[in-house]
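Please read the points below with the structure open beside you, and look up each residue as it is named. They are written as a colleague's note for someone meeting a structure of this kind early in their studies.

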Amino acid sequence: MSKTLVTYFSAERGTTAALAEELAAAAGADLFEIAPKKPYSKADLNWNNPVSRCNREQIAKKDVPIAGTVSNMADYDTVLIGFPIWYYNAPMIIKTFVKQYDLAGKTIGLFATSGGSDIGRTAEKLEPYLNAGTTISGAKVFNGPVSEAELKAWVESL
């Protein structure tokens, strides 16, 4: 029997967290929050400030220490990874997360939220951080309300 894990990073525990919870419920999946060891402050997330933490991490491609780990990653056949789009890309904390696990042979789906960006080349930009033999089966931005049926259909399409 297939087992699914929904993982997500939500900078302010808002839109992306709510979507991840809805997706986990729709897919009958376990849920894991990808949270930084040092939480982001409002100033850290100010993308208009060129020296804010989020900008420094993205530009320097700096690993972001994560609080907690998925101890049973080998148990999952499908891993869905969610995040807000930052600079037409996944935040560095997502890249840090995927580097920590052997995801080869698993179905990997990326889901994102954005104030205006589409998924673009996000999957392609994340691939160098994945171990050999890992492929991303699908990637999608969800904006606005999404029905349970839409979420189930997306998971089934992977």
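The points that follow take up the pockets, then the helices, and then a few single residues.

1. The model shown here is a predicted one, and the values in the points below should be read with that in mind.

2. How much space lies in the largest pocket? The volume there is about 560 Å³. Of the 21 residues that line the largest pocket, those closest to its centre are Leu45, Trp47, Pro84, Ile85 and Trp86. When the lining of the largest pocket is sorted by class, 9 residues are nonpolar, 9 are polar and 3 are charged.

3. The second largest pocket holds about 150 Å³ of space, and its lining is made up of Lys37, Lys38, Arg53, Arg56, Glu57, Lys62, Asp63, Val64 and Pro65. By class, this lining of the second largest pocket has 7 charged residues and 2 nonpolar ones, with no polar residue. You can check the split by going through the names, since Asp, Glu, Lys and Arg count as charged, whereas Val and Pro count as nonpolar.

4. How are helix 1 and helix 5 placed relative to one another? Helix 1 (residues 15–27) and helix 5 (residues 148–157) pack with their axes 9 Å apart, at an angle of about 75°. This makes helix 1 roughly perpendicular to helix 5, because angles of 65 to 115 degrees are counted in that class. On the side of helix 1, the residues that meet helix 5 are Leu19, Glu22, Leu23, Ala26 and Ala27, and their counterparts in helix 5 are Glu148, Leu151, Lys152, Trp154 and Val155. In this contact of helix 1 with helix 5, 7 residues are nonpolar and 3 are charged, while no polar residue takes part.

5. Helix 3 (residues 92–99) is largely enclosed by the rest of the structure, because 7 of its 8 residues are buried. The buried residues of helix 3 are Met92, Ile93, Ile94, Lys95, Thr96, Phe97 and Val98, and it is worth finding each of them in turn.

6. Strand 5 (residues 78–84) includes threonine 78, and proline 84 is found in strand 5 as well. Threonine 78 counts as buried because its relative accessibility is 11%, and buried means under 20%. With neighbours within four places in sequence left aside, threonine 78 is in contact with Ser2, Lys3, Thr4, Leu5 and Thr107.

7. Proline 84 has already been named among the residues closest to the centre of the largest pocket. Is proline 84 buried or exposed? Proline 84 has a relative accessible area of 12%, so it is buried. Leaving aside neighbours within four places in sequence, proline 84 is in contact with Phe9, Thr16, Asn89, Pro91 and Thr113. Proline 84 and glycine 115, which are 31 residues apart in sequence, have their C-alpha atoms 8.7 Å apart in space.

8. Alanine 112 belongs to strand 6 (residues 107–113), and with a relative accessible area of 0% this alanine 112 is buried. The C-alpha atoms of alanine 112 and proline 84 are separated by 5.3 Å, although the two residues are 28 residues apart along the chain. Not counting neighbours within four places in sequence, alanine 112 is in contact with Leu19, Phe83, Ile85, Ile119, Lys140, Val141 and Phe142.

9. Aspartate 118 sits in the loop between strand 6 and helix 4 (122–126), and it counts as exposed because its relative accessibility is 54%, where exposed means over 50%. Once residues up to four places away in sequence are left out, aspartate 118 touches Ile85 and Val141. Between the C-alpha atoms of aspartate 118 and valine 141 the separation is 6.0 Å, with their places 23 residues apart along the chain taken as the distance apart.

10. Where is alanine 74? Its place is in the loop between strand 4 (66–67) and strand 5. Alanine 74 is exposed, because its relative accessible area is 73%. Alanine 74 and tyrosine 101 are 27 residues apart along the chain, and their C-alpha atoms are separated by 9.0 Å.

Methods
Residues numbered from 1 in each chain as written. Predicted model: local features only at pLDDT ≥ 70, side-chain atom pairs only at ≥ 80, totals over all residues. Heavy atoms only, no water. 1 Å grid on protein atoms, 1.4 Å probe; cavity = no way out; pocket = protein on both sides within 12 Å on 5 of 7 lines; lining within 4 Å. Points joined across faces, edges and corners; volume = space filled by probe spheres on them. Helix = DSSP H or I, 4+ residues; strand = E, 2+ residues; numbered from the N terminus. Buried < 20%, exposed > 50% of the residue type's maximum accessible area, 1.4 Å probe, protein only. Contact = heavy atoms within 4.5 Å. Axes fitted to C-alpha atoms, helices over the stretch in contact; angles between N-to-C directions. Parallel < 35°, antiparallel > 145°, perpendicular 65-115°, else oblique.
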